[in-house]
Amino acid sequence: MQDLTNGTEATVAILVDCDNVPPEILPYALRVAAQFGRVALRRGYGNHTTLANRWQEALVRQAFTPHLQYQYASGKNTADIALALDALEAMFDQRADTFCLVTSDSDFAYLCRKLRERGSRVCIVGEAKTPQALRNASDQFFEWSADDADPDGTSDSAEKAPVKLESAAKPKAPKVEPSKELVKDLAKETNKPPVKQRPRFVVEAVTLLASESSEGKVGLGALGQYLKRTDPAFSPKTYGHSGLLDMVKTYDLLELKQEAGAGWFVVLADVKSG
């Protein structure tokens, strides 16, 4: 992996075979692709039935451009051909130098080989059913399973408030003026600092980035860049922390190490670097 350490930034294209994989794979694919550079192209390919139903919400939420392909004849998958042509076009136009293909279809093995022959990096995000022919045609294969799906994807400390249901016929209570003591207590509650949360995706990010490092660690700055790539709105303050350093310190599963002249590094708690 290049990009988070040497100052250069690759341009990444994520091309999704929506007819072949479930929409729940999309957040995982984005996390994988973000480690290679700036994700510039986000496209999902499929027929009308696929894109109009189960994939519509996922593509809209993750800012993907849907590419609808009608089937001109039964049994012909025009979406696959469109994906392959767009990948080659993006390579020749130099709009992307790294390609993340989200599919388990071995028909894309030849596309992978052609992209790599031209100097592009290719990774595949697919399910366990992905044939060896496709896995071996890529630079890296990332296997996704339904267990990796995280519908909430928020925090290991956030709690949901119970929902209160009230009857519409319930009479209104008489209006009571709050006492001065109650007003003071409410003001104290309002001024309390936000609860510090520990989102799970930070541990997932360190796990992914550290696995690509020979030393099993990732720089704090590189981690921040990666988190911004996966979510442009990411900010430690959203989770009650003053900064990323303060945020990482709250995790039991992560350790911070400071090296002279090199700054802070993050490792998994059970990984001891020399």
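How many helices and strands are there in the protein chain?

1. **Overall make-up.** The protein chain has 10 helices and nine strands. Keep in mind that this is a predicted model. The chain runs to 274 residues, of which 42% count as buried. Take the contacts between residues at least 6 apart in sequence: 62% of them join residues at least 24 apart.

2. **Helix α1 against helix α9.** Helix α1 spans residues 26–34, and helix α9 spans residues 220–230. These two helices pack with their axes 9 Å apart. The angle between them is about 140°. That angle makes α1 oblique to α9, because roughly antiparallel would need over 145 degrees. The crossing of α1 past α9 is right-handed.

3. **Who touches whom in that contact.** From α1 come L30, R31, V32 and A34. They meet Y226, R229 and T230 of α9. By character, the residues of this contact split into four nonpolar, one polar and two charged.

4. **The three-stranded sheet.** Which strand order does the open sheet have? The order is β7-β9-β8, with antiparallel pairing. In general, strands of a sheet pair through backbone hydrogen bonds, either parallel or antiparallel. Here β7 (218–219) and β8 (254–259) are the edge strands. Each has a single partner strand, so one side of each is left without a neighbour in the sheet.

5. **The β7 pairing in detail.** Strand β9 covers residues 263–268. It pairs with β7 in the antiparallel sense, over two bridges. To find the pairing in the model, start at G219: its bridge partner in β9 is F265.

6. **A helix across the sheet.** Which helix lies across β7, β8 and β9? Helix α8, residues 200–211, does so. Relative to β9, α8 runs at about 95°.

7. **T78 in helix α4.** Helix α4 takes in residues 78–92, and T78 lies in it. Is T78 buried or exposed? T78 is buried, because its relative accessible area is 13% and the cut-off for buried is under 20%. Y45 is 33 residues from T78 along the chain. The C-alpha atoms of T78 and Y45 are separated by 9.3 Å.

Definitions and conventions:
Residues numbered from 1 in each chain as written. Predicted model: local features only at pLDDT ≥ 70, side-chain atom pairs only at ≥ 80, totals over all residues. Heavy atoms only, no water. Axes fitted to C-alpha atoms, helices over the stretch in contact; angles between N-to-C directions. Helix = DSSP H or I, 4+ residues; strand = E, 2+ residues; numbered from the N terminus. Parallel < 35°, antiparallel > 145°, perpendicular 65-115°, else oblique. Left-handed = near helix turned anticlockwise from the far one by under 90°. Contact = heavy atoms within 4.5 Å. Nonpolar A, V, L, I, M, F, W, Y, C, P; charged D, E, K, R; others polar. Pairing = 2+ DSSP bridges. Buried < 20%, exposed > 50% of the residue type's maximum accessible area, 1.4 Å probe, protein only.
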